[in-house]
Amino acid sequence: MTDLRHYQTPLRQTPFHPRTSAANRLHAWAPWAGYATVQTYDDLAMEHSAIRNAATLYDLCPMIKYRIEGTDAAACLNRLTVRDADRLAVGGVHYTVWCDDAGHLIDDGTLFRLAPDRYRLCCQERHLPWLLDSAFGFDVRITDETGEIAALALQGPTSAVVLRAAGFDIDTLKPFRMAEFPFAGGHLTISRTGFTGDLGYELWTTPDLALPLWDSLTDAGALYGLRPVGSEALNIARLEAGFIIAGQDFTPAPHCLREDRLRSPLEMGLGWLIDWDKGQFTGRRALLRQRERGPHWAFVGLEIEGNVAAEGAILYHNRKTEIGVITGACWSPTLKTSIALAQVKARHAKGGNLWAEIYALRELHYARMMMPARVVARPFFNPTRKRQTPPGKL
Amino acid sequence: MPSFDTIVIGAGPNGLAAAHRLASRGDRVLVLERGTTPGGGAAGAEFAPGFAAMPLAHLSYNLDARVARTMDLPRHGLRWANANLATTALSATGAHLRLEGPLGLTLTGEVSDRDRAAWAGLRARLLRFAGVLAPLRGMTPPRLAKGVGNPMGQLAKIALRARMMGADEFRELGRIFLTNVHDLLDDELETPLLKGALALDATLGIWLGPRSPNSVLPWLDRLAGATDGAQAALGLPMGGMATLGAAMARAAEAAGATIRCNAAVAQILTDGDTVQGLRLADGEELSAARIVSSLAPKTTLLSLVGARHLDAGQTTRARHLKTRGGAAKLHLALSAAPDFRGAALGDRLVIAGSEHAVERAFNPAKYGRTPQAPVMEIVIPTVHDPTLAPAGQHILSAIVQYAPPAPADPDAARTAMLDASLRVLEDHAPGIGALILKAEMLMPHDIETRWGLPGGNWHAGELSVEQMLFLRPLPGLSQYQGPIKGLWLASAGCHPGGGVSGTAGWNAALAMERAGK
Ligand SMILES: Cc1cc2nc3c(=O)[nH]c(=O)nc-3n(C[C@H](O)[C@H](O)[C@H](O)COP(=O)(O)OP(=O)(O)OC[C@H]3O[C@@H](n4cnc5c(N)ncnc54)[C@H](O)[C@@H]3O)c2cc1C
């Protein structure tokens with residue numbers, strides 16, 4: 001048999017595969033960055049409910065991870081991303097974005113400062129060529145370490161209890177901080193981060209320790225409602241938290257074929273991230289011009305009347321004029337309301353007389369509904385337990 | 001410490017032209033030059049004791065008429081020893097071919113009647129096409145975006161002039177525009193010596209061989225130049241090209257600019273958005289609100305500004321700017337006049353036996369090797385001005401093609417290039433080897449070191465269709481305005497390219513005026 005070409009190879013399995021596949025009752029797999037990942041293990045409602053009421057495990061391995069190290073690591077990241085990577089303390093994490101020369105979003109991600117001159121950048125898309133181009137003139141080494149790290153998200157109100165039960169003292173760990181623990185003869189890094197907008201942690205270790213980690217957490221979590229969750233449940237949670245995903249809520253600049261689909265951080269509600277005083281970063285001059293002129297688009301959170309998820313709905317002003325599109329939506333089980341994220345023309349950022357055109361398929365007939373949409377603040381769901389340190393003992 | 005409004009980096013033809021125009025309009029201008037004398041490619045560099053310092057450039061082909069007139073170069077010492085130099089295409093047997101008048105108006109030698117007629121037609125057409133395109137050289141390249149204030153009137157005039165040539169000629173321009181020199185010549189001519197001389201003329205200083213696609217366009221650009229009002233005429237100043245460089249420097253000073261030599265700029269200082277000034281190699285810092293760099297754009301962006309002050313995409317494009325130089329420079333100090341089998345020594349002497357000889361000289365250079373039989377353009381300035389060398393002795397200056405721009409062993413390549421060149425010379429001027437008092441071969445990498453032209457490229461960045469007009473030096477930077485407020489690019493690496501013309505510097509100064517302070 002001849003070797004398979006790269007596009008013919010089956011999806012790769014993450015280090016947690018023996019456990020995730022055993023739990024995957026529906027066999028609902030989906031590709032994510034070349035890996036097979038679980039969409040729903042067995043019941044979407046129960047999985048989402050566990051995120052908000054108990055504790056959950058989510059296999060994060062396919063997330064793209066870059067190691068950026070060297071004496072110019074901070075300077076290089078400052079030039080790459082819009083925030084000040086130098087002001088990120090060692091042991092700290094921040095959310096950030098990066099742009100092309102024209103100020104258009106390439107991706108968003110979280111940046112971990114592991115040491116004064118070593119960082120990890122986690123993101124949705126692969127961009128090694130862009131990162132290497134951005135590293136020219138800086139004393140840094142950039143490595144794709146996606147396959148070298150097994151990452152697991154432990155999220156939910158009982159997640160801290162589970163960690164304590166598993167023997168990790170995380171009481172003093174604040175949001176957006178991380179700590180190192182010895183584990184099974186190796187190391188485990190625990191960061192208080194996540195994509196659910198709830199109390200939660202992300203756990204980072206080497207692939208050889210993936211299964212011991214899973215097993216120890218599953219044992220510790222047995223009494224605290226711990227269960228694995230798939231991407232569909234996580235997607236509802238992230239919508240409730242108001243988080244965006246590259247490729248869903250905006251088209252990353254390198255993939256964009258149509259000029260008018262490019263979006264800047266200012267147009268995606270991410271202007272607050274930009275550190276205008278730190279000096280040059282790629283796209284800065286273009287974004288300054290855009291700030292002066294005013295962006296054309298805005299990104300908003302919406303509450304929509306009724307109980308039908310408004311995924312992909314077109315937005316109208318006064319029921320007539322098309323003014324935007326919904327990029328992500330769900331019926332929020334937590335808030336008991338229909339929520340959505342949307343790109344709208346900048347002048348409608350404050351809302352008023354907005355309508356969502358929803359098509360609901362009901363037994364092979366579409367019901368077309370014009371539903372009032374109200375602009376609301378994000379996050380839609382924002383529990384105090386997410387911020388409390390030490391975390392509450394449930 | 002006097003303060004300056006504008007600091008110009010580099011006292012080459014472009015830096016001096018820009019400095020002159022800015023100073024004439026009341027700007028306080030300081031020109032910083034790394035070398036010991038101003039003039040850039042037209043400044044002499046020490047070569048052999050008793051022999052005049054030799055500049056890189058040895059003939060004038062595209063001195064900008066606006067620059068020459070406004071700078072009043074004659075008043076500052078420019079005299080033409082010959083403003084319409086004839087070319088002799090040398091034959092190793094003595095059956096030379098002489099081309100007199102601009103671009104070989106008349107031919108003397110063994111050429112068939114058929115070829116004479118064909119050449120007369122082709123020559124007229126080339127000059128006509130080049131003339132139509134010539135006004136583009138004096139303009140800021142238009143931008144491709146909408147509503148950016150392109151000079152539509154001027155562009156329409158050029159288009160109209162092209163169209164006014166008539167449908168047949170207009171179609172012919174479209175046909176040959178992006179073809180190659182070899183095919184163009186081969187379609188019409190058969191005399192190898194004529195085709196060789198034209199093929200070398202077409203490819204002087206570009207990293208293309210006669211058979212390379214798009215090689216006709218840079219030739220048309222070269223033929224758009226003029227000397228003393230005569231299109232495509234070649235000029236030799238009295239005292240050599242160094243006189244032209246010196247005249248430009250004196251003119252700039254007379255207009256009020258200060259020129260400071262032995263001042264190498266190491267870094268352009270910026271606060272992120274606006275230039276603040278610059279730092280010299282010795283650490284001295286100077287402030288100015290406007291910096292005009294006449295260094296190659298690649299050098300200006302990557303070395304003087306630095307990647308961390310630029311966007312990543314632009315940095316990558318700057319790194320990918322092509323700057324291969326294939327022209328080496330040979331200088332010989334000769335104890336007596338050589339004898340090129342009777343050829344007139346005051347002519348521009350060309351050794352390129354055929355168009356194939358030019359292409360064959362290019363082949364090894366493409367792969368980093370030196371050619372066995374390089375082709376060359378020779379000038380013996382001492383024939384016109386004997387004071388440049390001790391009595392009875394001579395300087396031979398030759399542009400030798402093609403040298404590999406980045407050979408694996410630079411010193412070995414230089415030796416091989418020199419040996420091969422001397423062999424070719426010996427074939428055409430038997431006994432010349434015995435006259436050599438001193439020989440100097442400047443390879444592209446030597447030229448890069450001494451003059452700062454990246455890759456030793458004549459145009460400070462290859463002049464090829466994908467690096468012309470709104471793509472020169474890079475998309476988004478073609479209008480002389482640099483990526484940082486207050487920084488301007490005024491180099492041969494900008495539109496319209498190189499040669500001792502001052503055109504890019506002049507255009508840049510005009511763009512600065514249009515932009516206001
Ligand atoms: C082999 C060869 C032969 C050529 N022959 C001819 C010819 O016969 N006729 C012709 O018209 N053209 C010729 N040219 C082309 C011509 O020399 C150039 O196109 C022309 O000199 C470009 O002018 P410029 O002002 O843009 O740059 P330059 O003339 O290169 O001037 C730039 C100046 O900047 C200075 N500089 C560099 N670095 C620094 C620094 N860090 N700080 C301060 N100053 C600095 C340099 O010393 C130089 O004086 C030839 C080129 C080559 C390579």
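## A walk through two chains

A:Thr146 is buried, with just 4% relative accessible area. That value comes from a predicted model, as does everything else below. Where along chain A should you look for A:Thr146? The residue sits in the loop that runs between strand S8 (141-144) and strand S9 (150-155). Leave out residues up to four places away in sequence, and A:Thr146 touches A:Cys61, A:Pro62, A:Met63, A:Ile64, A:Lys65 and A:Arg126. One of these, A:Lys65, has its backbone nitrogen 3.0 Å from a polar atom of the A:Thr146 side chain. A:Thr146 counts as buried because its 4% falls under the 20% cut-off.

Now put that loop into the wider layout of chain A. The domain assignment splits the chain into domain 1 (9-61 + 149-229), domain 2 (64-147) and domain 3 (296-384). Between the C-alpha centres of domain 2 and domain 3 of chain A there are 34 Å.

Next stop is helix H7 of chain A, residues 231-241. How many of its residues are buried? The count is 8 of 11, so by the 20% cut-off the helix is mostly covered. The buried residues are A:Ala233, A:Leu234, A:Ile236, A:Ala237, A:Arg238, A:Leu239, A:Glu240 and A:Ala241. If you want to see what lies over them, the cover includes helix H2 (44-53), S3, strand S16 (321-332) and strand S17 (337-345) of chain A. Right after H7(A) comes A:Gly242, with a positive phi of about 80°.

Strand S3 of chain A turns up again once you look for empty space. Rolling a probe the size of a water molecule over the atoms shows where empty space is left. Here that search gives 4 cavities of 30 Å³ or more. The second largest cavity holds about 80 Å³ of space, and its lining has 13 residues. Nearest its centre are A:Thr20, A:Thr37, A:Val38, A:Tyr41 and A:Asp59. Helix H1 (17-23), strand S2 (35-40) and strand S3 (55-59) of chain A each put at least two residues into this lining. Which element gives the most? That is S2(A), with 3 residues. By type, the lining of the second largest cavity breaks down into 6 nonpolar, 6 polar and 1 charged.

For the largest cavity, move over to chain B, where the residues nearest its centre are B:Leu103, B:Asp201, B:Ala232, B:Leu234 and B:Arg348. This cavity contains about 200 Å³ of space and is lined by 19 residues. Helix H7 (192-203), helix H8 (216-223) and strand S16 (348-351) of chain B each provide at least two of the lining residues. H7(B) gives the most, with 3 residues. In the lining of the largest cavity you'll find 13 nonpolar, 3 polar and 3 charged residues.

What about the domains of chain B? The chain is divided into domain 1 (3-43 + 65-78 + 241-322 + 460-514) and domain 2 (99-228). Their C-alpha centres lie 28 Å apart, and 17 residues of domain 1 are in contact with 17 residues of domain 2.

Two residues give you a look inside chain B. Take B:Ser293, in strand S14 (residues 290-293). Is B:Ser293 buried or exposed? With a relative accessible area of 0%, B:Ser293 is buried. Sequence neighbours up to four places away aside, B:Ser293 touches B:Ile9, B:Thr300, B:Leu304, B:Trp488, B:Leu489, B:Ala490 and B:Ser491. B:Leu489 sits 196 residues away from B:Ser293 in sequence, yet the two are 5.1 Å apart in space, C-alpha to C-alpha. The side chain of B:Ser293 also makes a polar contact of 2.7 Å with the side chain of B:Thr300.

The other residue is B:His20, in helix H1 (residues 13-24) of chain B. Why does B:His20 count as buried? Its relative accessibility is 7%, which is under the 20% cut-off, so B:His20 goes down as buried. Beyond its neighbours within four places in sequence, B:His20 is in contact with B:Thr70, B:Met71, B:Ala251, B:Ala252, B:Ala255 and B:Trp506.

Terms used:
Residues numbered from 1 in each chain as written. Chains lettered and ligands numbered in written order. Predicted model: local features only at pLDDT ≥ 70, side-chain atom pairs only at ≥ 80, totals over all residues. Heavy atoms only, no water. 1 Å grid on protein atoms, 1.4 Å probe; cavity = no way out; pocket = protein on both sides within 12 Å on 5 of 7 lines; lining within 4 Å. Points joined across faces, edges and corners; volume = space filled by probe spheres on them. Helix = DSSP H or I, 4+ residues; strand = E, 2+ residues; numbered from the N terminus. Nonpolar A, V, L, I, M, F, W, Y, C, P; charged D, E, K, R; others polar. Buried < 20%, exposed > 50% of the residue type's maximum accessible area, 1.4 Å probe, protein only. Polar contact = N/O pair within 3.5 Å; in protein donor to acceptor, adjacent residues only side chain to side chain. Contact = heavy atoms within 4.5 Å. Domains from an automatic or database assignment.
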